[in-house]
Amino acid sequence: MDSDGYAIRFGFGLPARATDPAAMIAALAGPDRAATDWPGVTLANLAPVIRANRAARKAKDEVAQRSARRDADALALRGAKATFARALGSDDPFRERLVAFWADHFTVAPTARIEMALPGILIDEAIRPHVAGRFADMLRAVTTHPAMIVYLNQEASVGPTSPRGKRQKTGLNENLARELLELHTMGVGAAYTQGDVRELAELLTGLTIAPEQGFIFDPRRAEPGPETVLGVTYDGAGMQPILQALDDLAARPETAAHLARKLAVHFVADAPDPALVAALEASLARTGGNLLAVSEALLTHPAALDTKTVKARQPFDFLVAALRALGVQPGEIVEAAPKAFNRLVLGPLEAMGQPFHRAPGPDGWPEAEADWITPQGLAARIEWALQAPARIVRPLPDPREFLTTALRGRAGDRLVWAVSAAESARDGVGLVLASPEFNRR
Amino acid sequence: MDRRFFLKGAGVLGCSAAAHPWLTTLALAEAPGDNRLVVIILRGAMDGLDVVQPRGDAGFQAARPGVRSPAADLDGFFALNDGLSGLMPLWAASELAFVHATSTPYRDKRSHFDGQDLLEAGTGTDLFSGAQRDGWLNRLLQVLPGAGSETAWAVGREAMPVLTGTAPAQSWAPDQDLAVTAPARALLEHVYADDALFHAASHTAFGLAGMEAGKGQDVELIAGFVAERLRESARIAAFSLTGWDTHKGQMRGIRQPLGQLQSAILRLRDGLGPQVWGKTAVLAMTEFGRTVHENGSGGTDHGTGGAMLVAGGAVRGGMVHGRWPGLAEAERYDRRDLMPTSDVRDWAAGALMALYGIDRQVLESTVFPGLRMEAAPSLIL
């Protein structure tokens with residue numbers, strides 16, 4: 001596979017600086033420059049806004065409530081812009097693709113308008129730091145992050161015979177335990193039982209959040225006594241047995257198999273070559289879940305380098321690739337008027353079927369091409385391709401040059417002919433962006 | 001290049017849609033009968049007590065000294081909010097009914113998010129939010145004989161988890177612009193010709209975008225589009241109406257969503273025509289009801305029991321179904337909310353049984369797993 005091929009399959013398309021697996025891995029192993037160049041939102045930014053909103057609601061102070069909502073909206077917008085700016089501007093786009101992959105693996109979505117920035121916060125604080133590190137560390141960071149605890153109702157889970165449980169009518173909530181096994185580690189088909197889910201849920205009691213501190217372990221909610229998950233007994237007080245169980249789940253062979261398959265499906269093909277899945281699985285098993293190593297295995301396996309593009313770009317990737325091809329700079333995204341950013345980016349993203357950081361459930365976005373290239377999804381892409389570029393660059397590029405910029409020799413005969421036959425630059429540029437060639441990777 | 005991206009703002013994307021007066025028509029070998037079902041999800045928790053007011057209950061006026069919209073008598077006990085007065089002819093024609101004091105099994109936390117998840121998943125509270133990956137309308141499709149990929153439609157921009165799942169269903173937002181000139185469309189078709197997926201999706205999209213669903217507000221576009229689909233091969237459709245979360249200034253605030261609901265029903269009836277409307281049932285359901293007492297800001301807060309609206313020529317209309325629990329404090333749920341006396345899934349399951357002949361055992365195990373259908377009277381004629 002040539003340099004462009006890597007940029008299309010593992011980045012956000014063309015134009016892109018020349019690259020190869022060694023350079024991509026070296027960049028990934030180096031510092032996360034994009035995170036500092038385009039800073040996102042932190043929990044420390046959002047927490048006071050949530051507290052102010054809560055206080056305003058209690059006091060029925062509508063002015064203060066409106067102001068808190070405005071602050072929350074501004075944070076959400078800043079986070080969304082940072083995500084686009086990084087994808088557009090980074091010299092290390094593979095990192096951004098990996099961040100998106102792991103963010104989807106550990107999906108959270110806002111449960112209220114005031115929390116719209118929360119998924120981006122989880123991504124920046126618990127996922128980004130570990131995309132070139134160990135899966136077990138990412139699992140620990142995500143599972144103990146307030147965003148995940150709230151999203152999967154762990155703050156509602158109380159050990160039935162814990163001091164709190166004996167006083168209150170609330171009890172165990174299995175949601176986080178179930179998704180940990182089903183989605184985050186072993187996978188839905190793996191050999192765990194309802195008994196394992198329940199034991200793990202009991203083990204996780206105590207993980208919760210407190211308004212001022214964020215994540216805490218509250219021993220008064222923790223179910224006493226040992227719990228046995230997948231045949232291993234965990235005992236003792238505090239976080240230690242929970243962290244041990246997370247490490248053990250991360251190290252399970254079923255987890256390696258589950259992650260390997262998801263990586264291959266996301267980056268290479270909806271129905272990936274079993275040899276590729278096996279190679280990724282072996283890498284994860286051999287290295288104890290080293291994500292840099294498995295990324296290298298992915299970039300170098302022959303089955304990942306088939307130049308036939310069979311995956312549909314998801315709407316976020318499509319928009320970033322289109323903006324990149326049109327030459328939009330990350331600074332323009334950061335500076336964009338909120339209204340324009342909504343009309344030209346976030347609104348279309350939703351129309352294409354992928355509202356920003358609002359996946360429909362904890363299992364994240366679908367992967368199959370047929371889930372994205374639907375009548376509605378494709379109509380929204382065509383509409384954007386024909387209408388938006390003229391609002392972004394003036395004059396529009398010559399469509400024949402734009403075809404080369406965006407696809408460099410990857411356009412089929414039909415597209416080459418159609419672009420040259422288009423009656424306007426608008427239609428010509430739109431044809432390139434709406435083409436199957438541009439919408440696949 | 002001279003950039004004006006973002007910095008000067010941008011107008012609405014083009015809206016001069018070229019007309020494509022032609023529709024996709026897919027030949028269907030079979031269809032699941034002739035009956036139509038429309039499910040409307042009322043997001044935000046509709047105040048059933050203000051929509052179908054229990055004026056015959058002494059507790060009502062006491063609990064709602066301020067928040068009590070003008071209403072017209074229905075049956076001597078209940079009165080209909082004037083915001084739905086345009087539906088009175090349907091009531092008179094026995095094409096409109098309500099179920100009162102009903103709810104999903106969701107209790108206590110009163111979160112819109114969890115409540116809607118449960119309503120659309122159609123499960124009990126033994127599963128937590130998001131644990132059920134598909135919606136009950138999708139599971140209906142999975143067991144519906146003769147169902148094909150064109151049988152069911154999710155309409156509008158709002159995601160419709162109730163219809164999400166492994167059974168194929170169509171989705172479309174009728175306000176999606178597709179401003180393509182005839183020459184550009186011909187070129188796009190040329191470019192897509194060798195790619196089966198893009199070819200099929202664009203073919204359908206051009207057909208749908210060209211349809212004149214009619215002018216009007218979003219809700220009329222949606223209902224008009226739904227009617228068009230149901231007149232052809234589709235049998236099931238789902239869409240959402242929002243704006244029901246009336247924490248303050250409810251008497252003013254509820255008028256807009258009620259107006260939308262009324263427009264949607266009337267547009268469906270008119271668009272379907274008498275014959276198809278006669279085989280149609282519309283179920284409009286919400287995640288939970290609102291508090292019996294009004295709050296301090298002229299509104300109501302999240303509650304439990306609520307109301308469901310039922311319309312169509314196929315329904316047993318002209319009555320308010322369900323057992324009325326009373327509004328005295330001891331009769332309420334948690335001493336604050338209308339006590340649910342039925343499970344909203346029970347009514348829906350009964351409708352599916354009557355409309356599509358689905359077995360009770362399949363309804364209780366697959367479509368609404370864990371539901372025990374009580375002998376609720378059927379909403380369907």
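Two strands are taken to pair if DSSP finds at least two bridges between them. In the predicted model described here, that condition is satisfied by β6(B) and strand β11 (residues 306–311) of chain B, which are joined by 5 bridges and run antiparallel. Within this pairing, L96(B) stands opposite A311(B) of β11(B). Strand β6(B) is also joined to strand β12 (residues 320–321) of chain B, in this case by 2 bridges and in the parallel sense, with V99(B) having H321(B) as its bridge partner in β12(B). A parallel pairing of 2 bridges likewise links β6(B) to strand β13 (residues 342–343) of chain B, where D343(B) of β13(B) is the bridge partner of S103(B). Because 8 of the 8 residues of β6(B), which spans residues 96–103, are buried, this strand is largely enclosed by the rest of the structure.

The surroundings of β6(B) lead on to the nonpolar interior of the model. The largest nonpolar core has 237 residues, and those with the most contacts inside this core are I127(A), L280(A), V226(B), A237(B), M308(B) and V310(B). The largest share of the core, 10 residues, is contributed by helix α5 (residues 62–89) of chain A. In soluble globular proteins, nonpolar side chains tend to be buried together. When neighbours within four places in sequence are left aside, V310(B) is in contact with A97(B), F98(B), V99(B), A281(B), V282(B), L283(B), V315(B) and L379(B). Apart from the largest core lies another, of 6 residues, which includes L49(B), A63(B), V292(B) and L338(B).

Considered as a whole, chain B contains 12 helices and 13 strands, and 52% of its 381 residues count as buried. Of the contacts in chain B between residues at least 6 apart in sequence, 74% join residues that are at least 24 apart. Chain B also holds an open sheet of 3 strands, in the order β3-β5-β4 and with antiparallel pairing. The edge strands of this sheet are β3 (52–54) and β4 (71–73) of chain B, each of which pairs on one side only. On average, and with direction ignored, neighbouring strands of the sheet are turned by 35° against each other. Strand β4(B) pairs with strand β5 (residues 78–81) of chain B in the antiparallel sense over 3 bridges, and the bridge partner of A71(B) in β5(B) is N81(B).

With respect to the interface, 50 residues of chain B are in contact with 54 residues of chain A. The elements that give two or more residues to the side of chain B that touches chain A are β1 (2–3), β8 (170–172), α6 (182–192) and α7 (196–210) of chain B. Of these, α7(B) supplies the largest share of that side, with 8 residues. Divided by class, the side of chain B that touches chain A has 30 nonpolar, 12 polar and 8 charged residues.

Several local backbone features were also identified. Most residues other than glycine have a negative phi, and most peptide bonds are trans. In chain A, the peptide bond from L14(A) to P15(A) is cis, with omega near -5°, and P15(A) is placed in the loop between α1 (3–10) and α2 (21–29) of that chain. The peptide bond from R394(A) to P395(A) is also cis, with omega near -5°, and P395(A) is found in the loop between β5 (393–394) and α23 (399–407) of chain A. A positive phi, near 60°, is found for N153(A), a residue other than glycine, which lies in the loop between α9 (146–151) and α10 (163–167) of chain A. N153(A) counts as partly exposed because 19 C-beta neighbours lie inside 10 Å. In chain B, R110(B) has a positive phi of about 55° although it is not a glycine, and R110(B) lies in the loop between β6 and α4 (112–121) of chain B. With 19 other C-beta atoms within 10 Å, R110(B) is partly exposed.

As to confidence, the model scores ipTM 0.95 and pTM 0.88. Chain B averages a pLDDT of 88, and 88% of the residues score at least 70. Over residues 1–30 of chain B, however, pLDDT stays under 50, and the model has 66 contacts beyond four places in sequence for this stretch. Where pLDDT is low, the predicted coordinates should not be read in detail.

Definitions and conventions: Residues numbered from 1 in each chain as written. Chains lettered and ligands numbered in written order. Predicted model: local features only at pLDDT ≥ 70, side-chain atom pairs only at ≥ 80, totals over all residues. Contact = placed C-beta atoms within 7 Å. Helix = DSSP H or I, 4+ residues; strand = E, 2+ residues; numbered from the N terminus. Nonpolar A, V, L, I, M, F, W, Y, C, P; charged D, E, K, R; others polar. Core = buried A, V, L, I, M, F, W, Y, C linked by C-beta atoms within 7 Å. Buried ≥ 20, exposed ≤ 12 C-beta atoms within 10 Å, placed from the backbone. Axes fitted to C-alpha atoms, helices over the stretch in contact; angles between N-to-C directions. pLDDT = per-residue confidence, 0-100.
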